[in-house]
Amino acid sequence: MDSKGDYGVDTDENDVTNPLREGSRPAAFRLGHQTNLLAIVAIGTTIALYVNHQFLASITDTSYQQGQIGVSAQGVNGGFDSIFSDVRVWKL
């Protein structure tokens, strides 16, 4: 998510980015220097996105049978701060 709350979900293979979904600011997203809780639930080919305990979107992606999970942040216009903490991954 950027400073306006716009977000994108991408896959990345060999430094080639493929966008899966882009959207504008969800009402649950807190702007400014505030903490936002992001959750991603991936089961099979379905990826569900949550922000601050509110459902954001569901994505279906059949590109990969297995892979790795990661988070990143990217500035678009100007600088920004991004801190990831308490990142957890569970196998269900």
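Start your tour by selecting Leu 92: at 85% relative accessibility, this residue counts as exposed. Leu 92 is found in the segment after strand 5. As you look around, keep in mind that this is a predicted model.

**The nonpolar patch**

Keep Leu 92 selected and add Val 41, Ile 43, Tyr 50, Phe 55 and Trp 90; together, these six make a nonpolar surface patch of about 730 Å². Try showing their side chains and colouring them as one group.

**The whole chain**

Now zoom out and switch to a cartoon view. How many helices and strands does the chain have? The secondary structure comes to zero helices and five strands. Following the sequence from one end to the other, you will read the pattern β-β-β-β-β. If you colour by accessibility, 16% of the 92 residues of the chain count as buried.

**Strand 3 and a distant partner**

Next, select residues 38-43, which form strand 3, and pick out Ala 42 within them. Is Ala 42 buried or exposed? Ala 42 counts as exposed because its relative accessibility is 54%, and the cut-off for exposed is over 50%. Now add Ile 69 to your selection and draw a distance between the two C-alpha atoms: Ala 42 and Ile 69 are 9.8 Å apart in space, while 27 residues separate them in sequence.

**A loop residue**

Move on to Asn 52. Where does this residue sit? Asn 52 is in the loop between strand 4 (46-51) and strand 5 (54-60). Asn 52 counts as buried because its relative accessibility is 10%, and buried means under 20%. Show the side chain of Asn 52 together with the backbone of Ala 28: a polar atom of that side chain lies 2.7 Å from the backbone oxygen of Ala 28.

**The negative patch**

For the last stop, select Asp 10, Asp 12, Glu 13, Asp 15 and Glu 22, which form a negative surface patch. Which strand gives the most to this patch? Strand 1 (residues 7-13) does, with three residues. Click on Glu 13, which lies in strand 1. Glu 13 has a relative accessible area of 43%, so this residue is partly exposed.

**Looking back**

To compare your stops, show three residues at once: Leu 92, which is exposed, Glu 13, which is partly exposed, and Asn 52, which is buried. Then bring back both patches, the nonpolar one that includes Trp 90 and the negative one that includes Asp 15, and turn the model to see where each of them lies.

Technical notes: Residues are numbered from 1 along each chain as its sequence is written. This is a predicted model: local features need pLDDT of at least 70, side-chain atom pairs count only at pLDDT 80 or more; totals for chains, interfaces and linings use all residues. Side-chain values use heavy atoms; hydrogens and water are left out. Patches are made of residues with over 30% relative accessible area and no salt bridge: like charges are joined within 9 Å, nonpolar side chains (Val, Leu, Ile, Met, Phe, Trp, Tyr) within 5 Å. Accessible areas come from the Shrake-Rupley method with a 1.4 Å probe; for residues, only the protein chains shown count as cover. A salt bridge is a side-chain nitrogen of Lys or Arg within 4 Å of a carboxyl oxygen of Asp or Glu. Lys and Arg count as positive and Asp and Glu as negative; His and the chain ends are not counted. The place of a charge is taken as NZ of Lys, CZ of Arg, CG of Asp or CD of Glu. Helices (H or I, at least four residues) and strands (E, at least two) are DSSP runs, numbered from the N terminus. Buried means under 20% relative accessible area, exposed over 50%, partly exposed in between (1.4 Å probe, protein chains only). A polar contact is a pair of N or O atoms within 3.5 Å; within protein, one must be able to donate a hydrogen and the other to accept it, and residues adjacent in sequence count only if both atoms are side-chain atoms.
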